Each structure stands twice: as C-alpha cells, then as structure tokens.
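Work through the two exercises below with the sequence and the model in view, and try each task before reading its solution.

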Amino acid sequence: MAFLVDPSRPPGPVLAPPGVYAPQADTFLLARALYREGPAPGMDVLDLGTGTGTLAICAARKGARVTAVDIAWRAVLTARLNALRSRQRLTLHHGDLLEPVRGRSFDLIISNPPYVPTPPSEPSDGRGRERAWNAGPDGRATLDRICADAPRVMRPGGVLLIAQSALSGTDETLERLAGSGLTGTVGDRAYIPFGPVLRSRLPWLRESGRIAAREETEELVIIRAERPR
C-alpha cells in the first residue's frame, strides 16, 4: 500500500501490487511539480507510464480530464482499480508511450519514466517489474523518446514534466528538449539515499565512472519544458 500526496487533501491509499512501480520519492517530487501547474477543469492532462495511476488521479482530483498510458497490462488494470477506489475518472490506454494517443493534444504531460542506467548484461525492456526502471546503459532509452515525441502532442503553451535521475543526464535531457523546440529548466531537485536497485549496481556504476567511489546519494530532478505559444 502506498499513498497519494495532495497538500489540499488528506493522503489516500493506492494499491501497488508486485510488478507495478510503487509511488516513491520521484513520484512525490513530480506530484509537487504537477500541483504547481494547477491542473483544473477544462485542462487535458496526459500521464505517460502511469504505473499505479497515482499522478493521474492527483490531476483528476483537481478536475482535469486525464488520459493515462502504460505498456504493462498489470499497471493499466492497477490504475483502473485505484481510480475506482478514489472515485476519479481516467481514460486508460495500454500501449507504448504516445502510440495510443496519436492525433490528440494536451495542455500538460507528466511522466516518471524508466531512467536507471542498466548494465549491458541486463535487458532494458524486461517483462517483469524491472521494466519500470531499466533504461539502457545510459538510462536514456525512454527519456530520449519522450524528448523527441512529446512535443508533437503538446498544445501551444503546453507543459511537459519529467522525473529523472541526474545519473541519466540532466543536461542531455535539456539539450534534447531544446532540439525539439521546447524551453526546458530544472524545476525541482532532491537528494535521496541509493535505493535497492542502484545499490545492486554500485560495482558497475562505479567502475564505469557514473558514480564516484564515496558517493552515497542520488540526485532526482524534475524537468519542466514548455512549448512556445
């Protein structure tokens, strides 16, 4: 069991069964950025890689029309159940990132995608719970696709919020967003102790120079990008 975080309401529980990414520090950091954008009635919001549906439900609670997508059927079903439990309406799609919403446009896109650098010995497109974080040797397998494709479904003045680790290249994301015509900035930062996944990869991460020998915390960032009007 995990919890929704909404500063204007008491927290509510969401189900996070095995195989579905449970809300964690990156989720809550992204939720804070989401609330600053002011989702409201009349706004169309897209949640890419919705997982438990936590962020989608947060936006729906503010009255926004919310569409949520995930490539894992278990996540789609979990988000649907959590939406019912929270008495919020979501439009849910099973599919790969933007494929299910081609031809539509949105005022706000939020995404907490896989971004953990993954040793070559491990698959980047695992079929289990690892799919929620494995993202190739540089951690950018999904990030790069979002940077390239998200602007195509953003309305003029629309905003994109992405959560990622600094290990997967904050500057690289900003540069790619700029190349796609968006203006990006780092809106939030947080430093957290290494979690179980990073701890299990410390030898490889240190040997490859991605983490310093005595480094013990991970920097999480929320990148905010806007499409010109």
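**Exercise 1.** In this predicted model, describe how the residues that line the second largest pocket divide into nonpolar, polar and charged, and then state which elements contribute to that lining.

*Solution.* Begin with the division by residue type: the lining of the second largest pocket holds 13 nonpolar residues, three polar ones and two charged ones. Next comes the space itself, since the second largest pocket encloses about 380 Å³. Its lining is made up of 18 residues, and those closest to the centre of the pocket are Tyr-21, Gln-24, Tyr-115, Val-116 and Val-197. Turning to the elements, two or more lining residues come from each of α1 (25-37), α6 (196-200) and β9 (217-226). The largest contribution to this lining is that of α6, which supplies three residues.

**Exercise 2.** Work out how α1 is oriented with respect to helix α2 (residues 54-61), and find which residues of the two helices meet.

*Solution.* The first step is the geometry: the axes of α1 and α2 lie 10 Å apart, and the helices pack at an angle of about 25°. Because angles under 35 degrees count as roughly parallel, α1 is roughly parallel to α2. The second step is the handedness, and here α1 passes α2 in a right-handed crossing. The third step is the contact, in which Thr-27, Leu-30, Ala-31, Leu-34 and Tyr-35 of α1 meet Thr-54, Leu-55, Cys-58 and Ala-59 of α2. Sorted by type, the residues of this contact comprise seven nonpolar and two polar, with no charged residue.

Terms used
Residues numbered from 1 in each chain as written. Predicted model: local features only at pLDDT ≥ 70, side-chain atom pairs only at ≥ 80, totals over all residues. Heavy atoms only, no water. 1 Å grid on protein atoms, 1.4 Å probe; cavity = no way out; pocket = protein on both sides within 12 Å on 5 of 7 lines; lining within 4 Å. Points joined across faces, edges and corners; volume = space filled by probe spheres on them. Helix = DSSP H or I, 4+ residues; strand = E, 2+ residues; numbered from the N terminus. Nonpolar A, V, L, I, M, F, W, Y, C, P; charged D, E, K, R; others polar. Axes fitted to C-alpha atoms, helices over the stretch in contact; angles between N-to-C directions. Parallel < 35°, antiparallel > 145°, perpendicular 65-115°, else oblique. Left-handed = near helix turned anticlockwise from the far one by under 90°. Contact = heavy atoms within 4.5 Å.
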